Structures are given as C-alpha cells and as structure tokens.
Amino acid sequence: MIGGVTGSLKEPLTLLLGRYDEAGDLRMVARTTPLTTAVRRELGRQLEPAGIEHPWYGRHFSAGWGTGGELEYSPVRPDLVAEFVADTAIDAGRYRHPVRFVRLRDDLTPQETPPFTA
C-alpha cells in the first residue's frame with residue numbers, strides 16, 4: 001500500500017510503501033526510486049491526505065540506510081495498492097534498496113494483500 005509520499009501530494013517524488021502485519025499494523029517496507037513526471041501527475045490525482053488517524057502519523061523514518069537524517073514525508077490514506085520491482089536485499093522485512101514503482105493494482109484492495117512478515 002502507498003502509505004506516504006515525499007514531495008507534494010499533487011506531484012509526489014517518491015512513495016513510501018507499507019504492508020499490514022497480522023496484528024493490523026501498517027509496517028513500512030520500501031521507498032521507491034524517483035517517479036517519472038507522468039506517474040507523479042497520475043498519482044497526484046488519486047492520492048488523498050491522511051489525518052492523525054494514519055498509522056504513521058508522528059512517526060519518523062530514516063532518510064537512508066546508515067544515515068542519521070530523517071525523511072520528510074506526508075502520510076496518505078493507505079487504500080491504494082502498488083506493484084513494484086525490487087532486488088532481494090531485505091532486512092527485517094524491509095527492502096534495503098529503493099524499489100521501482102510499476103503500477104497501481106486497481107484489482108486488489110489492501111485487505112487482499114498478504115500480511116507483512118519479517
């Protein structure tokens with residue numbers, strides 16, 4: 001699921017992707033590579049901002065592996081399922097390298113995706 005974005009909601013630069021675990025918590029699993037202009041505009045028409053009820057509201061994520069900086073992002077309603085391509089480098093259930101966004105999966109709901117497992 002798309003749980004957050006860097007950049008603006010209308011033209012996101014990258015996506016923060018998550019999956020629900022078996023307890024129902026949304027866990028961060030990946031950050032995408034920078035999106036193309038066409039994808040930014042298309043997603044910007046579909047993303048909706050989230051409020052304080054978002055599972056990541058007030059959370060801080062690292063800007064990158066081994067860095068001390070924090071990622072600036074905006075939470076979005078986690079109701080869009082994203083397909084992505086990734087390498088096999090996974091640490092505690094999270095992809096270590098940025099993943100490449102492929103498309104939205106309009107045929108899937110968040111409830112239909114497999115749960116997060118570390």
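Is T88 buried or exposed? The points below take that up, along with the sheet, the cores and one histidine.

1. **T88.** The model is predicted, and T88 in it is exposed. Its relative accessible area is 76%, so it clears the cut-off of over 50% for that label. T88 sits in the loop that joins strand 5 (82–85) to strand 6 (90–91). Against E11, the C-alpha to C-alpha distance is 29 Å. In sequence, T88 and E11 are 77 residues apart.

2. **The sheet.** Four strands form an open sheet in the order 3-2-1-4. The pairing is antiparallel. Strand 3 and strand 4 are the edge strands, each pairing on one side only. Strands in a sheet pair through backbone hydrogen bonds, in either a parallel or an antiparallel sense.

3. **Strand 2 with strand 3.** Five bridges join strand 2 and strand 3, in the antiparallel sense. Take L17 as an example: its bridge partner is A30, in strand 3.

4. **Helix 1 on the sheet strands.** Helix 1 lies across strand 1 and strand 2. Relative to strand 2, helix 1 runs at about 60°.

5. **The largest nonpolar core.** This core has 16 residues. I2, L15, L17, L43, L47 and F101 have the most contacts inside it. Strand 1 (2–7), strand 2 (12–20), strand 3 (26–31) and strand 8 (100–104) each give two or more residues to this core. Another core, of nine residues, lies apart from it. M1, L26, M28 and Y73 are among the residues of that other core.

6. **F101.** Which residues does F101 touch, leaving out those up to four places away in sequence? They are L15, T32, L35, V39, L43, A82, E83 and F84. Two of these, L15 and L43, are also listed with F101 among the residues with the most contacts inside the largest core.

7. **H54.** H54 lies in the loop between helix 1 (37–44) and strand 4 (74–75). H54 is buried, at a relative accessible area of 4%. That value falls under the 20% cut-off, which is why the residue is called buried. The H54 side chain reaches the backbone nitrogen of W56 at 2.8 Å. Leaving out residues up to four places away in sequence, H54 touches G3, L26, P75, V76 and P78. One of these, L26, belongs to the core of nine residues.

8. **Two loop residues side by side.** H54, in its loop, is buried at 4%. T88, in its loop, is exposed at 76%.

How values were computed
Residues are numbered from 1 along each chain as its sequence is written. This is a predicted model: local features need pLDDT of at least 70, side-chain atom pairs count only at pLDDT 80 or more; totals for chains, interfaces and linings use all residues. Side-chain values use heavy atoms; hydrogens and water are left out. Buried means under 20% relative accessible area, exposed over 50%, partly exposed in between (1.4 Å probe, protein chains only). A polar contact is a pair of N or O atoms within 3.5 Å; within protein, one must be able to donate a hydrogen and the other to accept it, and residues adjacent in sequence count only if both atoms are side-chain atoms. Contact means heavy atoms within 4.5 Å. A nonpolar core is a set of buried Ala, Val, Leu, Ile, Met, Phe, Trp, Tyr and Cys residues joined through side-chain atoms within 4.5 Å. Two strands pair if DSSP finds at least two bridges between them. Axes are lines fitted to C-alpha atoms, for helices over the stretch in contact, and angles run from 0 to 180 degrees between N-to-C directions.
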